[in-house]
Amino acid sequence: MKTVTVFGSALPTEGSGAYLEAQRLGRLLAEAGYALCNGGYRGLMEATARGAREAGGHTVGITCALWSTPANSYIVEEVRTQTFSERLMTLIERGDAYIALPGGTGTLAELALAWEMMNKRTLSKTVGGQKPLLVMAPYWQPVIDCLQQEGQLNDGHPGWVAAAMDIVTLIKTPEEALEHLRKNL
């Protein structure tokens, strides 16, 4: 069974728009036969796991001993790590694909590490190569726009585009994410 690792904020609460959309994503992934992996805590992590469990899917939560908070009740399999860096690597190692939902610095760190490992090809050495990396638009659009400016730093090669930009795919809905995964995973 393929596993989709989902990164997202711990802040949204049950009933919020972001929570409901994440819950729908979890449900769609489970209905399509994917296992779901995430950080295991509250917010969008809880929402995606809840959606997956309500559809009968398998959920894996990668938690960390740094925090005493237990995994949310929708996590079937908890993997407890000792350090933040171990947690990041375990989230990436478990995924056959990645989806970055709205989030803060923790989500940005997860997205950035997965993206950079594929960009520098280190992911192929550790966990099998380039994989689908989907990010929610419009939320992550400013980050994409900012990084696209890197091509302007090379004055001698106008039109040059950073190779990293070819790795990430912007999506707008859970349904669009699922469609992309079906074609590319």
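User: Is Glu110 buried or exposed?
Analyst: The relative accessible area of Glu110 is 8%. This is a predicted model, in which local features need pLDDT of at least 70 and side-chain atom pairs count only at pLDDT 80 or more, while totals for chains, interfaces and linings use all residues. Residues are numbered from 1 along each chain as its sequence is written, and side-chain values use heavy atoms, with hydrogens and water left out. Because buried means under 20% relative accessible area, exposed over 50% and partly exposed in between (1.4 Å probe, protein chains only), Glu110 is classed as buried.

User: Which element holds Glu110, and which residues does Glu110 touch?
Analyst: Helices (H or I, at least four residues) and strands (E, at least two) are DSSP runs, numbered from the N terminus, and on that basis Glu110 belongs to helix 4, residues 105-119. If residues up to four places away in sequence are not counted, and contact is taken as heavy atoms within 4.5 Å, the residues touched by Glu110 are Phe7, Gly8, Arg87, Leu88, Leu91 and Ile92.

User: How do helix 3 and helix 4 lie relative to each other?
Analyst: The contact between these two helices joins Arg87, Leu88, Met89, Leu91 and Ile92 of helix 3 to Ala109, Glu110, Leu113, Ala114 and Met117 of helix 4. Their axes, which are lines fitted to C-alpha atoms over the stretch in contact, with angles from 0 to 180 degrees between N-to-C directions, are 10 Å apart and make an angle of about 60°. Angles under 35 degrees count as roughly parallel, over 145 as roughly antiparallel, 65 to 115 as roughly perpendicular and the rest as oblique, so helix 3 is, relative to helix 4, oblique.

User: What angle and what axis distance describe the packing of helix 1 and helix 2?
Analyst: Helix 1 covers residues 17-31 and helix 2 covers residues 44-54. Where they meet, helix 1 contributes Ala18, Tyr19, Ala22, Gln23, Leu25, Gly26, Arg27 and Ala30, and helix 2 contributes Leu44, Glu46, Ala47, Thr48, Arg50, Gly51, Ala52 and Glu54. The two helices are therefore oblique to each other, packing at an angle of about 40° with an axis distance of 6 Å.

User: How many of the residues of helix 2 are buried?
Analyst: Helix 2 is mostly covered, and the elements that cover its buried residues include strand 1 (3-7), helix 1, strand 2, strand 3 and helix 3 (84-94). The buried residues themselves are Leu44, Met45, Glu46, Ala47, Thr48, Ala49, Arg50, Gly51 and Ala52. Out of 11 residues in helix 2, the number buried is nine.

User: Which residue with a positive phi follows helix 2, and what is the value near which that phi lies?
Analyst: The chain continues beyond helix 2 with a residue whose phi is positive. That residue is Gly56, and its phi is near 85°.

User: Which kind of aromatic pair do Tyr41 and Trp67 form?
Analyst: Rings of Phe, Tyr and Trp (its six-membered ring) pair if their centres lie within 6.5 Å, with planes under 30 degrees apart counted as stacked, over 60 as edge-to-face and the rest as tilted, and the whole structure contains four such pairs. In this one, the ring centres are 6.1 Å apart and the planes stand at 85°, so the pair is edge-to-face. It links distant parts of the chain, 26 residues apart, with Tyr41 in the loop between strand 2 (35-38) and helix 2, and Trp67 in the loop between strand 3 (59-64) and strand 4 (77-81). Tyr41 is buried at 8% and Trp67 is partly exposed at 35%, and the kind of pair they form is edge-to-face.

User: Which residues form one aromatic cluster with Tyr41?
Analyst: The cluster takes in Tyr41, whose relative accessible area is 8%. The other members are Trp67 and Phe84.

User: What is the angle between the ring planes of Tyr139 and Trp140?
Analyst: Tyr139 is partly exposed at 43% relative accessibility, whereas Trp140 is buried at 4%. Their ring centres are 5.1 Å apart and the pair is edge-to-face, with the planes at an angle of 75°.

User: Which residues does a cis peptide bond join?
Analyst: The bond has an omega of about 10°. One of its partners, Pro138, sits in the loop between strand 6 (133-136) and helix 6 (141-148). The residues joined are Ala137 and Pro138.

User: What share of the residues in the protein is buried?
Analyst: The protein has seven helices and seven strands, arranged along the sequence as β-α-β-α-β-β-α-β-α-α-β-α-β-α. Of the contacts with a separation of 6 or more, 66% come from residues 24 or more positions apart. Among the 185 residues, the buried share is 48%.
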